[in-house]
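Work through the following exercises with the sequence and the coordinates open. Each task is followed by a stepwise solution.

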Amino acid sequence: MMGRGKKLLIGMLGIAPKPMVWPFAKKYIAGETLDDAVRVTRELNAEGCRATLDVLGEDIRVEAEAHEYVEKYLTAIERIRAEGLDANVSIKPTAMGLRFSRELTLTCVRRILERARDHGMTVRIDMEDSPVTAITL
């Protein structure tokens, strides 16, 4: 269970200016662009490591945002294949509309799964916060 202070900090990170957040996040995030992720993945692959790419963001508010995330994932999958990277993707159901439309979420996730399957890739589904655990499962 997450304490109030940690919840407050996480909530504030979403609205804080990037320059304030980046010093804490850079240890865990390859960068702000797909090019950054490809570069870091290539470096990790050279060290014998496999990578998982995730398009950051969640808790979208409108359907159009879900479709934008799907396109970003499809682009990432194509890029992973084109670059010959040893990597897969990880998706957040709330970035696909989970909080307001199960049907939209299923449609979006299916598109990503189908593209990944076509390229023999794995898709990981992030387990997010407790209010969406049951519906995610």
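A residue is buried at under 20% relative accessible area, exposed at over 50%, and partly exposed in between, with a 1.4 Å probe and protein chains only. The model is predicted: local features need pLDDT of at least 70, side-chain atom pairs count only at pLDDT 80 or more, and totals for chains, interfaces and linings use all residues. Residues are numbered from 1 along each chain as its sequence is written, and side-chain values use heavy atoms, with hydrogens and water left out.

**Exercise 1. Describe the protein chain as a whole.**

Step 1. Of the 137 residues, 33% count as buried.

Step 2. Assign helices (DSSP runs of H or I, at least four residues) and strands (E, at least two), numbered from the N terminus. The result is six helices and three strands, in the order α-α-α-β-α-β-α-β-α from the N terminus.

Step 3. Take contacts, meaning heavy atoms within 4.5 Å. Among those with a separation of 6 or more, 67% join residues 24 or more positions apart.

**Exercise 2. Find which residues touch the most other members of the largest nonpolar core.**

Step 1. Such a core is a set of buried Ala, Val, Leu, Ile, Met, Phe, Trp, Tyr and Cys residues joined through side-chain atoms within 4.5 Å.

Step 2. The largest one has 26 residues, and L53, Y73, I80, V89, I91, M96 and I112 touch the most other members. Two or more residues come from each of α3 (34–46), β1 (51–54), α4 (63–83), β2 and α5; α4 gives the most, seven residues.

Step 3. Beyond four places in sequence, M96 touches residues including Y69, Y73, I91, C108 and I112.

**Exercise 3. Characterise the surroundings of T94.**

Step 1. T94 lies in the loop between β2 (87–91) and α5.

Step 2. With a relative accessible area of 2%, T94 is buried.

Step 3. Its side chain makes a polar contact of 2.5 Å with that of E128. Such a contact is a pair of N or O atoms within 3.5 Å, where within protein one must be able to donate a hydrogen and the other to accept it; residues adjacent in sequence count only if both atoms are side-chain atoms.

Step 4. Leaving out residues up to four places away, T94 touches E58, D59, I60, R99, E128 and V132.
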